[in-house]
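Here is a small set of exercises to work through with the structure open beside you. Try each task yourself, then follow the solution step by step.

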Amino acid sequence: MKRFLPVAVCLFALAACGDSSSPAAAPTAAASTAAAAPSAASAASAASVVEDKALCKALNTAAKDLRTGITEAQQDGGGVKAADAKRTFTKFHTTVTEALAFAPASEVTTAAKAIADELGDAAKAADPIGTAADSNFTQLGEDLTTACKSAGVEIMF
């Protein structure tokens with residue numbers, strides 16, 4: 001229970017064809033194909049940024065739900081019952097894991113998976129708040145915030 005405050009501080013600070021049949025057309029087709037390769041890579045990169053933005057927005061909502069869940073579970077003495085913390089951490093882990101199911105690999109997905117896994121592990125512990133407080137949770141939150149900022153989305157994690 002005494003470990004709630006460091007976790008609470010962390011949680012509250014957490015504050016998207018050419019015709020190549022003629023010889024004359026062959027060089028044009030080859031040039032078009034060569035030009036298409038970078039365009040395809042650029043399109044994939046742009047799609048990843050869009051997906052990262054959407055993922056970051058979903059993560060921001062999940063983080064808000066996490067903070068709300070912990071706040072609502074807080075007892076008069078400032079502590080949070082283990083069962084309430086487990087439920088809140090598990091909900092966050094499930095939400096993020098489902099959001100990551102079809103997301104392409106990126107800095108955002110890597111950071112999101114790391115923090116979801118950390119809270120998933122804490123949810124399984126006898127003292128979930130203490131486990132989260134003793135973990136690398138603060139750094140993981142900073143990594144996620146930075147990754148989302150690079151994708152163009154400000155989040156409160």
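**Exercise 1. Find which exposed residues sit on the face of H3 turned away from its buried side, and work out how the buried ones are arranged.**

Solution. Keep in mind that this is a predicted model.

- Step 1: The outward face of H3 carries Arg87, Lys91 and Glu98, which are exposed.
- Step 2: The buried residues of H3 are Asp84, Ala85, Thr88, Phe89, Phe92, Val96 and Leu100.
- Step 3: Around the axis these buried residues cover an arc of only 135°, so they lie on the same side of H3.
- Step 4: A general rule helps here: an α-helix has 3.6 residues a turn, so residues three or four places apart point the same way.
- Step 5: To check the length, note that the 19 residues of H3 should span 27 Å at 1.5 Å a residue, and this agrees with the 27 Å between its end C-alpha atoms.

**Exercise 2. Describe helix H4 in the same way: its span, its buried face and its N-terminal cap.**

Solution.

- Step 1: H4 runs over residues 107–124, and its 18 residues reach 26 Å from first C-alpha to last, close to the 26 Å expected.
- Step 2: Buried residues of H4 include Val108, Ala112, Ile115 and Leu119.
- Step 3: Down the axis, the buried residues of H4 fall within an arc of 165°, so one face of the helix is lined by them.
- Step 4: Glu107, Thr110 and Lys124 are exposed on the face of H4 turned away from that buried side.
- Step 5: At the N-terminal end, Ser106 acts as the cap of H4, with a side-chain oxygen 3.3 Å from the backbone nitrogen of Val108.

**Exercise 3. How many aromatic pairs does the whole structure hold, and which residues do ring pairs link into a cluster?**

Solution.

- Step 1: The search finds 2 aromatic pairs.
- Step 2: In one of them, the ring centres of Phe92 and Phe157 are 5.7 Å apart and the planes meet at 50°, so this pair is tilted.
- Step 3: Phe92 belongs to H3 while Phe157 is in the segment after H6, so the pair ties together parts 65 residues apart in sequence.
- Step 4: Phe137 and Phe157 also form a tilted pair, at 6.1 Å centre to centre and 50° between the planes.
- Step 5: Phe137 lies in H6 and Phe157 in the segment after H6, so here the linked parts are 20 residues apart in sequence.
- Step 6: Together, ring pairs make a cluster of Phe92, Phe137 and Phe157.
- Step 7: Phe92 is buried at a relative accessible area of 2%, and Phe157 is buried at 4%.

**Exercise 4. Which residues touch the most other members of the largest nonpolar core, and which helices supply it?**

Solution.

- Step 1: This core has 33 residues, and those touching the most other members are Leu59, Phe89, Phe92, Val96, Val108, Leu144 and Phe157.
- Step 2: H2, H3, H4, H5 and H6 each supply at least two residues of the core.

**Exercise 5. Locate the disulfide and say which parts of the chain it joins.**

Solution.

- Step 1: The structure holds 1 disulfide, and it joins Cys56 to Cys148 with an S to S distance of 2.1 Å.
- Step 2: The angle about the S-S bond is -95°, and the link is left-handed.
- Step 3: Cys56 lies in H2 and Cys148 in H6, so parts 92 residues apart in sequence are tied together.
- Step 4: Cys56 is buried at 0% relative accessibility, and Cys148 is buried at 0% too.

Definitions and conventions: Residues numbered from 1 in each chain as written. Predicted model: local features only at pLDDT ≥ 70, side-chain atom pairs only at ≥ 80, totals over all residues. Heavy atoms only, no water. Phe/Tyr/Trp six-rings, centres within 6.5 Å; stacked < 30°, edge-to-face > 60°. Helix = DSSP H or I, 4+ residues; strand = E, 2+ residues; numbered from the N terminus. Buried < 20%, exposed > 50% of the residue type's maximum accessible area, 1.4 Å probe, protein only. Expected span 1.5 Å × (residues − 1). Arc of directions from axis to C-beta. Polar contact = N/O pair within 3.5 Å; in protein donor to acceptor, adjacent residues only side chain to side chain. Core = buried A, V, L, I, M, F, W, Y, C linked by side-chain atoms within 4.5 Å. Disulfide = S-S within 2.5 Å.
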